[in-house]
Amino acid sequence: MGIVTTLPGTTLARGEVLPGTPLIDAATGGEVRVWDFRGRTALVLCFLHLACEACERFAAGLAEAESEIRLTGACAFAVLREPAPSALPVFVDGDGDASRRFLGPEGALPTILVADRYAAAWESYPVLGHDFPPASEIVGDLWHLATMCEECGIMAWE
């Protein structure tokens, strides 16, 4: 049996199903869980700082790529500790439980987490010093997920 390592900045191994921790959809006020998207869409969860210019610039850049993100069959969300304006739709993690369960006891922020359409962790980007990855890199991950064989993981064109 191989060694299981966690994705950087998270408590999750690649392929591990994300916890079903409830979040609040800031637009509706209703409870939502990443499991609500299982079998339908890949997710990009952007655990960001509130009122942070660098985090908001990243969210705006990712929002600009929304049409391409949707082409891959995915959705992107900002996960914030309280409702706040954002270029991305917002999920609220008021008590920090989701941050702790996905990212660890410290709930290290900011971190970008990409999950496949089965809510399994695929890739993570812990953002040290607010050095965010380009939106194109995240979109590339989503295209990889959208075009790989579900049984063997090999890209469809390989």
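A pocket, as the word is used here, is an open set of grid points with protein on both sides within 12 Å along at least five of seven lines, and its lining residues are those with an atom within 4 Å of a point. Keep that in mind, since we'll start at one such spot. One caution before we go: what you're looking at is a predicted model.

Let's get our bearings with the whole chain. There are 158 residues, and 46% of them count as buried. The secondary structure adds up to 4 helices and 7 strands. If you walk along from the N terminus, the elements come in the order β-β-β-α-α-β-β-α-β-β-α. Now look at how the chain folds back on itself: take the contacts between residues at least 6 apart in sequence, and 61% of them join residues at least 24 apart.

Now for the pocket. The second largest pocket holds about 160 Å³ of space. Its lining is made up of L62, A63, E66, I69, R70, A74, C75, A76, F77, A87, L88 and P89. Which elements supply at least two residues each to this lining? They are α1 (53-64), α2 (66-71) and β4 (74-80). Of the contributors, β4 gives the most, with 4 residues. As for chemistry, the lining counts 10 nonpolar residues, 2 charged ones and no polar ones.

Two of the names in that lining, E66 and R70, are worth a second look. They form a salt bridge with each other, and their closest N and O atoms are 3.0 Å apart. Both sit in helix α2, 4 residues apart, which is about one turn of the helix. Are these two buried or exposed? E66 is partly exposed, because its relative accessible area of 39% falls between the 20% and 50% cut-offs. R70, at 53%, counts as exposed.

That pair is part of a set: the structure holds 3 salt bridges. Another one joins the side chains of E31 and R33, at 3.3 Å from N to O. Here E31 is exposed, with a relative accessible area of 52%, while R33 is partly exposed at 30%.

The remaining pair to visit is E123 and R14, whose side chains meet in a salt bridge at 3.0 Å, N to O. E123 belongs to strand β7 and R14 to the segment before β1, so this bridge ties together parts that are 109 residues apart in sequence. R14 itself is partly exposed, with a relative accessible area of 45%.

Since R14 has brought us to the segment before β1, let's stay in that stretch for a moment. T10 lies there too, ahead of β1 (23-25). T10 is buried, because its relative accessible area of 9% is under the 20% cut-off. What does T10 touch, once residues up to four places away in sequence are set aside? The answer is F102, L103, L113 and S124. T10 also has a polar contact closer to home: a polar atom of its side chain lies 3.0 Å from the backbone nitrogen of L12.

Further along that same segment before β1 you'll find P19. P19 is buried as well, at 12% relative accessibility. Leaving out residues up to four places away in sequence, P19 touches L12, V34, W35, R101 and F102. F102 is a name you've just met, as it is also among the residues T10 touches. To see how the fold brings sequence positions together, find P19 and A98: they are 79 residues apart in sequence, yet their C-alpha atoms are 8.0 Å apart in space.

Let's finish with two spots where the backbone does something worth checking on screen. What sign does phi take at A51? The value is positive, near 50 degrees, and A51 is a residue other than glycine. You'll find A51 in the loop between β3 (42-47) and α1. With a relative accessibility of 84%, A51 counts as exposed, because that is over the 50% cut-off.

H130 also has a positive phi, about 60 degrees, although it is not a glycine. To locate H130, look at the loop between β7 (121-126) and α4 (135-147). H130 counts as partly exposed, with 29% relative accessibility.

Notes
Residues are numbered from 1 along each chain as its sequence is written. This is a predicted model: local features need pLDDT of at least 70, side-chain atom pairs count only at pLDDT 80 or more; totals for chains, interfaces and linings use all residues. Side-chain values use heavy atoms; hydrogens and water are left out. On a 1 Å grid over the protein atoms alone, a cavity is a set of points where a 1.4 Å probe fits but cannot get out, and a pocket is an open set with protein on both sides within 12 Å along at least five of seven lines; lining residues have an atom within 4 Å of a point. Grid points are joined across faces, edges and corners, and a volume is the space filled by probe spheres set on the points. Ala, Val, Leu, Ile, Met, Phe, Trp, Tyr, Cys and Pro count as nonpolar, Asp, Glu, Lys and Arg as charged, and the others, Gly among them, as polar. Buried means under 20% relative accessible area, exposed over 50%, partly exposed in between (1.4 Å probe, protein chains only). A polar contact is a pair of N or O atoms within 3.5 Å; within protein, one must be able to donate a hydrogen and the other to accept it, and residues adjacent in sequence count only if both atoms are side-chain atoms. Contact means heavy atoms within 4.5 Å. A salt bridge is a side-chain nitrogen of Lys or Arg within 4 Å of a carboxyl oxygen of Asp or Glu.
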